[in-house]
Amino acid sequence: MIKILARVIEVVAVVVLVLAVFAALSGCSGDTAGRTPSPRPNAAAAAVSNNTDRLYLATLHSSGLDLGARYGDKELAAAGHAVCKGLDQGYGVVALSAALSTDGQMPMGTAAYMVGSAVGAFCPQYGSDLL
């Protein structure tokens, strides 16, 4: 029972963190009219090549989260674009955070921060999914 309660508290904390990141990146506009997903490049082809990528990477690097030495900017940008692709395919933010946490071997809070940052930077039309 204590493990379940601890997990619920962790998930709630992650949701609050994701909401805070999204609010900071989006300026709290709250406008989700016309939620047509925009096409995203293939995650493998994503490169650090535009200002949106740079903003996303600056957000991650300034967060103070331990992203580990194994995650370069290209990998982080590709993960951000993959989040949007996953949302386009119908996956939820919690499932994407859990997948990043498991596949990337990182704490759930770090993965959730990455998902919230990706939504704010690359696919803000999914901002209401963070609520």
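What percentage of the 131 residues of the protein chain count as buried? I looked this up at the outset and recorded 37%. I note here that the model is predicted.

**Overall make-up**

I listed the secondary structure next and found 5 helices and 0 strands in the protein chain. Read from the N terminus, the order of elements is α-α-α-α-α. For the surface, I noted an exposed area of about 7,200 Å², with carbon and sulfur atoms supplying 61% of that area. I then turned to sequence separation. Taking contacts between residues at least 6 apart in sequence, I found that 72% join residues at least 24 apart.

**Helices α2 and α5**

I selected one helix pair for closer description: α2, residues 51–62, and α5, residues 108–122. Two packed helices are described by the angle between their axes and the distance between the axes, so I looked up both. The axes of α2 and α5 come within 10 Å, and their crossing angle is roughly 155°. Angles over 145 degrees count as roughly antiparallel; α2 and α5 are therefore roughly antiparallel to each other. For handedness, I entered the crossing of α2 past α5 as right-handed.

**Residues at the contact**

Which residues of α2 meet α5? I recorded Thr52, Asp53, Tyr56, Thr59 and Leu60 on the α2 side. On the α5 side, I recorded Tyr113, Met114, Ser117, Ala118, Ala121 and Phe122. Sorted by character, the residues of this contact comprise 7 nonpolar, 3 polar and 1 charged.

Technical notes. Residues are numbered from 1 along each chain as its sequence is written. This is a predicted model: local features need pLDDT of at least 70, side-chain atom pairs count only at pLDDT 80 or more; totals for chains, interfaces and linings use all residues. Side-chain values use heavy atoms; hydrogens and water are left out. Axes are lines fitted to C-alpha atoms, for helices over the stretch in contact, and angles run from 0 to 180 degrees between N-to-C directions. Helices (H or I, at least four residues) and strands (E, at least two) are DSSP runs, numbered from the N terminus. Angles under 35 degrees count as roughly parallel, over 145 as roughly antiparallel, 65 to 115 as roughly perpendicular and the rest as oblique. A crossing is left-handed if the near helix is turned anticlockwise from the far one by less than a right angle, and right-handed if clockwise. Contact means heavy atoms within 4.5 Å. Ala, Val, Leu, Ile, Met, Phe, Trp, Tyr, Cys and Pro count as nonpolar, Asp, Glu, Lys and Arg as charged, and the others, Gly among them, as polar. Buried means under 20% relative accessible area, exposed over 50%, partly exposed in between (1.4 Å probe, protein chains only). Accessible areas come from the Shrake-Rupley method with a 1.4 Å probe; for residues, only the protein chains shown count as cover.
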